[in-house]
Amino acid sequence: TGVIITAKHHDGFLLWPSAVGEHDVSESPWKDGRGDVLRELSEACREYGLKFGVYLSPWDRNHPAYGVDDAAYNEYFKAQMREVLSNYGPVFEVWWDGANGDRNDPRKFQEYDWRGFLEVVRELQPDAVTFGAGYSDVRWVGNERGYAGETQWATFESTRRDPNRDAPIPLLNTGREGGDLGWPAETDVSIRPGCFYRASEDHRVKTVEQLLDIYYESVGHNTNLLLNIPPDTRGLIHERDAAVLRQFGAIIQQTFAENLLHGA
């Protein structure tokens, strides 16, 4: 029902022409530097009736202020969000990654302004939900394998959620019965071994049977399923991924063609 594009990952490269950043598609030879991936995708989503969402990683391994001047970098990241959330129509989800700092240099730790980030979303896209660390609207399920706990409550205890740290993973995977906070889980997993496309992994695309198992243990366990599908080096969904997805979709549609609760 929706698409969330990785508009910015940890490398800091922006898939839209930015007025506040320099490390973006306008620097690339693609369309002579006049391309805008977010524009094309958001227009395609409207054409085909899909919701449009964005992944924006707060980690930035390119920007010189990251981990050096917290306030300056946080303002830069907010400016990025303002560009994305103002220029591409309705956004249904803003996906924040909780990653922080360069693994090769643990001194580069950035103090994120999560509350300020959320205020930008509320101002510009009040109907959008946020995913990730901090003051997010939906919670991580605690793994990236595609499986939610068999017992999976959409509620949580607000006192057990520290906005600046992840909650305990066992609780993320199950929620808390009777909790005072509505904090449903989203289950993320890739159709391939990793997030990105590699030709060497074409034979490791998940099978239809594996995707069905993931579906029943994510959607079937009261969570939203976010399935990562990486474009290949042509900018297309690889034929193997596409074939598996078509079969998977057909089985889901056939299985649930009749609503057994209707009129029961």
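**Strand β8 and its neighbours**

In this predicted model, strand β8, helix α5 (residues 208-216) and strand β9 come together as a right-handed β-α-β unit. Strand β8 itself covers residues 185-190, and β9 takes in residues 224-228. The two run parallel, with five bridges between them. One spot to look for along this pairing is Val189 of β8, which sits opposite Leu227 in β9.

Strand β8 also has a partner in β5, a short run spanning residues 139-140. Here two bridges make the link, and again the strands are parallel. On this side, Arg139 faces Ala185 of β8 across the pairing.

Put together, these pairings give an open sheet of three strands, ordered β5-β8-β9 and paired in parallel. Strands β5 and β9 form the edges, each pairing on one side only. In general, strands of a sheet are held to one another by backbone hydrogen bonds, in either a parallel or an antiparallel arrangement.

As for how well β8 is covered, six of its six residues are buried. That goes for both faces of the strand. Ala185, Thr187 and Val189 lie buried on one side, while Glu186, Asp188 and Ser190 are buried on the other. Two of the residues picked out above thus turn up again on one face: Ala185, the residue opposite Arg139, and Val189, the residue opposite Leu227, are both on the side shared with Thr187.

How values were computed: Residues numbered from 1 in each chain as written. Predicted model: local features only at pLDDT ≥ 70, side-chain atom pairs only at ≥ 80, totals over all residues. Heavy atoms only, no water. Buried < 20%, exposed > 50% of the residue type's maximum accessible area, 1.4 Å probe, protein only. Helix = DSSP H or I, 4+ residues; strand = E, 2+ residues; numbered from the N terminus. Pairing = 2+ DSSP bridges. Right-handed = clockwise from strand over helix to strand, strands pointing away.
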